[in-house]
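Trainee: Could you take me through this model and show me how each descriptive word is earned?

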Amino acid sequence: MNSDQLVISSTGSIQSLKDGIAYDNKGYRNTLTDDPGIRKVMDDFWNEYETYTTTGQVFDYYVLQLKTNAFGLLKFQLLKLGRVFVGTDTINKKFELLMLLINLPIILVFFYWIYKVLSSLSFSNMNTFFLVLLIYTLLISSVVVPLFRYIIPIFYLVPILGYYQFSSRKVL
């Protein structure tokens, strides 16, 4: 409502993108990891944090990391993608296990549904639409600060998709 834009999970604004890379450098979050490759992605960005003022500059930073620290960048994005399912803005560990336990059945159904769609090559219009929607939601949620609340509107469609794959009728 504030931006007068249709936003599925995040505006992806410059501030969202910057905070997504300088993930735990801002001081109020706990340390995400001590892995040197991942730390390089976050710490190098944090050293120049104030100079990034456009999404193009952030994209260029990703390209630079891809060239100089590709494995670190990959690990960083995978870690953030995993955190999408449990993440809280403060990395409050006491709620993360509960969030994971609530989401675990849905995560398993999600992977089962993707497996069924890809293995049967059942790319109906609805399957394709939901696959693109879910992948978009996961990707945008992992580019910005990976918070569980970003995937709630879309991710809980997964049990419905799974139901149709488990059942004998092919509605989707």
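Mentor: Let us begin with a definition: rings of Phe, Tyr and Trp, the last by its six-membered ring, form a pair if their centres lie within 6.5 Å. In this structure, which is a predicted model, there are five aromatic pairs.

Trainee: Why is the pair of F45 and Y52 called stacked?

Mentor: The ring centres of F45 and Y52 are 4.3 Å apart and the planes meet at 15°; planes under 30 degrees apart count as stacked, so this pair is stacked.

Trainee: What makes F45 and Y52 count as buried?

Mentor: Buried means under 20% relative accessible area, and F45 has 0% while Y52 has 13%, so both residues are buried.

Trainee: Why is the pair of F45 and Y61 called edge-to-face?

Mentor: Here the centres are 5.0 Å apart and the planes stand at 65°; the word edge-to-face applies to planes over 60 degrees apart, so it fits F45 and Y61. Because F45 belongs to helix α2 (residues 36-47) and Y61 to helix α3 (residues 55-68), this pair ties together parts that are 16 residues apart in sequence.

Trainee: Which residues do the ring pairs link into a cluster?

Mentor: The cluster consists of F45, W46, Y49, Y52 and Y61.

Trainee: How do you know that α1 is roughly parallel to α3?

Mentor: Helix α1 (residues 14-21) and α3 pack at an angle of about 25°, with their axes 9 Å apart. Angles under 35 degrees count as roughly parallel, which means that α1 is roughly parallel to α3.

Methods:
Residues numbered from 1 in each chain as written. Predicted model: local features only at pLDDT ≥ 70, side-chain atom pairs only at ≥ 80, totals over all residues. Heavy atoms only, no water. Buried < 20%, exposed > 50% of the residue type's maximum accessible area, 1.4 Å probe, protein only. Helix = DSSP H or I, 4+ residues; strand = E, 2+ residues; numbered from the N terminus. Axes fitted to C-alpha atoms, helices over the stretch in contact; angles between N-to-C directions. Parallel < 35°, antiparallel > 145°, perpendicular 65-115°, else oblique.
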